[in-house]
Amino acid sequence: MFKKILIANRGEIACRIQRTARRLGVASVAVYSDADAGALHVRQADEAFRIGPPPARESYLRAAAIIAAARQLGAEAIHPGYGFLSENAQFATDCAAAGLVFIGPPPAAINAMGSKSAAKALMERAGVPLVPGYHGDDQSVATLQREADRIGYPVLIKASAGGGGKGMRRVERAADFAAALASCQREAAASFGDERVLVEKYLLRPRHIEMQIFADSHGNAVHLFERDCSVQRRHQKVLEEAPAPNMDGARRAQMGAAALAAARAVGYVGAGTVEFIAAPEGTFHFMEMNTRLQVEHPVTEMITGLDLVEWQLRVAAGEPLPLRQEQVALRGHAIEARIYAEDPERDFLPCVGKLEYLAMPAGSASVRIDSGVVQGDAISPYYDPMIAKLIAWGETRAQACTRLSQALAGFHIAGLGNNVQFLSRLVQSNAFASADLDTALIEREHAALFPPAAPVPDDMFAMAAMYIVARERLAAGSAAMGTAWGSVEGWRLNGPADRRLQFQYRGEQRTVSLQAVAGGFLLSMTPAGAAAGVATTRRASLTLIAEHDARATVGDHDYHVSVAIRDSQCEVFSQDAHYSFERLDPLAHVGEVMSVAGGVCALMPGRVVALLVKPGAKVSKGEPLLVLEAMKMEQTFSAPADGVCVGFNVAIGEQVVEGSELVEFKAAGTDS
Ligand code: MV4
């Protein structure tokens, strides 16, 4: 086995490779761009090496710099992860020339699978089933038209050098063929510098099923079953699972044999994926081969109990495959959801920015989370905006679905657009739950996946209000709290105990009134909408159980919520829903200060240093009123809103206790 490897990648896959290396006692070197100087894969690394500025072209794609780093730091091998240099045959060749092991297939195998037409010709000779079509060298319009007519419409024209859905044209009838061909050729030339195309029978309602294969350098090869990656949008996988639903043993054996035939035909070594397109009735056809470890490999690991990166390292080190085909067992079902910083409502446009709040569910034997970011990190515009992969395993598909849903409900992201709620709906949709899979599932289920935004339930404003009050109490270090976290029960500061907190959602203001009573609050809210009416009063209570987590009761309803407040932004997570609204907080920017009705209170003991305005003075919001020295620091208390500083209850030099009402303040336009 290697003593040291270099990981030429970033994010979750770099972290994931590090984990296996560490377990095997292999040292690993991380590389990073300036955008990733503080990233998790760098912080967790045994050793790290800067390779350039943020753009991938100037960092993670700089083959020569990466090879030089590996040599300089004494790594024996380079793991390319996925993306970046992972399917670059020239890089694999250059590694070998530099005396380094490329942890991937031989360059010739990468090249053989690089062109669609050439790969199809090779696969045809190896007896791998293809989609009926034409992939010959004669690219004349007449020949292509004649072949399309022979295949029968609809047909699909694909760029030979294409991939990922780029350069494809569906043609419904012979009369449209020539125009579609010309357009496809133009796109192929522009995108791939190669205008050659192939023509295929267009398959309706196809599924994307891929076989994971592994080959060693001793002539052994096995498959590790299949994955179904049919749930995609714009050729981006969203959910992946293993095994494929409704796959029977005979079909699996056929597909496995075809995948291994494909691998042998190109002299494959290492981890690879043979992609098939499958018709609803189960017939399957070779699409392409991915000559790398794939994003979705964890579902295969979950159903086999194997570590594919360990296998990659062993094979690259010249060891034989650890198991023979008959020793590889399949157990249960695993589903992966890709959590992205993107806005599903805006056609999945990537979002960039800081992960202001990020809480992930607990991992377990049946729930795995692969991520390369933590709270406070940024998703930059330079790389893929994936935040994490969430993988759930179950004895059955239904159990895996349930566990995935539960785990998604515990995945809380605020401050950055993300697809968590979309994934929740997707996993719970009838089509996915019943395994009615095909590549158009997301379009087909559009109505269920994009319901009109539901209003924020009243109780969620109550959660935010009680949470804010509870955190203020905690910050005040009130003796009544006892432990680090505790109930907000009937309590009184040295002032009126009633609180009114105002929120705003879509321009509508909501007021939550909390009146402290034994065991909790009496809660009342202004009725929603224009509906006039009397606010109903209910009993409520909240117990903080962690920094952002609370149990609460409103009336007869018990909740477990997570709340994150930042400036005026309130985020409440309840079950699998996420609500965002604003607090209209006159004190949000005043620091350690708390307002009780009509006043401004000290939150810690201190000494009054200065009174900055005259009693009765009209002040505007943010204007400094008073300075307190507490914990050796000066705190300036400012006007919570435009209004009048009615008077001070303290004098300069006076020692005050926490909760003391310092200033009597009257906001403009209020009577409280
Ligand atoms: C097809 C097809 C239907 N018929 N080929 C899209 C990406 C590329 N790898 C192959 N693709 C397709 N090829 C024939 N003959 C439908 C697709 C296709 C698709 C395939 C796999 C996963 C998602 C897809 C989404 C749309 C279209």
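This section describes selected salt bridges, strand pairings, aromatic contacts and helix packing in a predicted model.

Across the whole structure, the search returned 42 salt bridges. In one of them, Lys120 pairs with Glu200, with 2.3 Å between the closest N and O atoms. Lys120 belongs to helix α6 (residues 116–125) and Glu200 to strand β9 (residues 197–201), so this salt bridge ties together parts that are 80 residues apart in sequence. Lys120 and Glu200 are both buried. A further salt bridge is formed by the side chains of Arg227 and Glu210, at 2.8 Å from N to O. Here the partners are located in two strands, Arg227 in β11 (residues 221–233) and Glu210 in β10 (residues 207–215), so the pair ties together parts 17 residues apart in sequence. Arg227 and Glu210 are likewise buried.

The salt bridge between Glu296 and Lys237 has its closest N and O atoms 2.7 Å apart. This pair links distant parts of the chain, 59 residues apart: Glu296 is found in the loop between β14 (284–290) and α10 (297–304), and Lys237 in strand β12 (residues 236–242). The relative accessible area of Glu296 is 1%, and this residue is therefore buried. Lys237, at 11% relative accessibility, also counts as buried. Beyond these individual pairs, salt bridges with shared partners connect Arg16, Arg19, Arg23, Glu301, Asp307, Glu310, Arg314, Glu319, Arg368 and Asp370 in one network.

Strand β27 (residues 520–525) has strand partners in β26 and β28. Of the six residues of β27, five are buried, so the strand is largely enclosed by the rest of the structure. Its pairing with strand β26 (residues 508–517) is antiparallel and comprises six bridges. Within this pairing, Ser513 has Ser524 of β27 as its bridge partner. Two residues separate the strands in the hairpin of β26 and β27, where Gly519 adopts a positive phi near 80°. The pairing of β27 with strand β28 (residues 537–544) is also antiparallel, with four bridges. In that case, Leu522 has Arg539 of β28 as its bridge partner.

Aromatic pairs number 14 in the search of the whole structure. The ring centres of Phe276 and Phe284 are separated by 5.2 Å and the ring planes meet at 80°; because planes over 60 degrees apart count as edge-to-face, the pair is assigned to that class. Both Phe276 and Phe284 are buried. The pair formed by Tyr382 and Tyr383 is tilted, with 6.1 Å from centre to centre and 50° between the planes. These two tyrosines differ in accessibility class: Tyr382 is partly exposed at 42% relative accessibility, whereas Tyr383 is buried at 8%. Together with Tyr60 and Phe84, Tyr382 and Tyr383 make up one aromatic cluster.

Arginine side chains are also placed over aromatic rings. The charged end of Arg233 sits over the ring of Phe348, at 4.5 Å from the ring centre. Arg397 is positioned over the face of Phe432, with a distance of 4.4 Å to the ring centre.

Pro54 is in contact with both tyrosines of the tilted pair, Tyr382 and Tyr383. This proline is located in the loop between β3 (47–52) and α3 (63–73). With a relative accessible area of 18%, Pro54 falls under the 20% limit and is therefore classed as buried. When residues up to four places away in sequence are not counted, the contacts of Pro54 also include Ser33, Asp34, Ala35 and Ser59. Between Pro54 and Leu321, which are 267 residues apart in sequence, the C-alpha to C-alpha distance is 38 Å.

Helix α9 (residues 249–265) contains 17 residues, for which a rise of 1.5 Å a residue gives an expected span of 24 Å; the end C-alpha atoms are 24 Å apart, so the two values agree. The buried residues of α9 are Arg252, Met255, Gly256, Ala258, Ala259, Leu260, Ala262 and Ala263. An α-helix has 3.6 residues a turn, so residues three or four places apart point the same way. The elements covering the buried residues of α9 include α6, β10, β11, β13 (270–278) and β14. Among these elements, α6 holds Lys120, while β10 and β11 hold Glu210 and Arg227, respectively.

How values were computed. Residues numbered from 1 in each chain as written. Predicted model: local features only at pLDDT ≥ 70, side-chain atom pairs only at ≥ 80, totals over all residues. Heavy atoms only, no water. Salt bridge = Lys/Arg side-chain N within 4 Å of Asp/Glu carboxyl O. Buried < 20%, exposed > 50% of the residue type's maximum accessible area, 1.4 Å probe, protein only. Pairing = 2+ DSSP bridges. Phe/Tyr/Trp six-rings, centres within 6.5 Å; stacked < 30°, edge-to-face > 60°. Lys NZ or Arg CZ within 6 Å of the ring centre and 35° of its normal. Contact = heavy atoms within 4.5 Å. Expected span 1.5 Å × (residues − 1).
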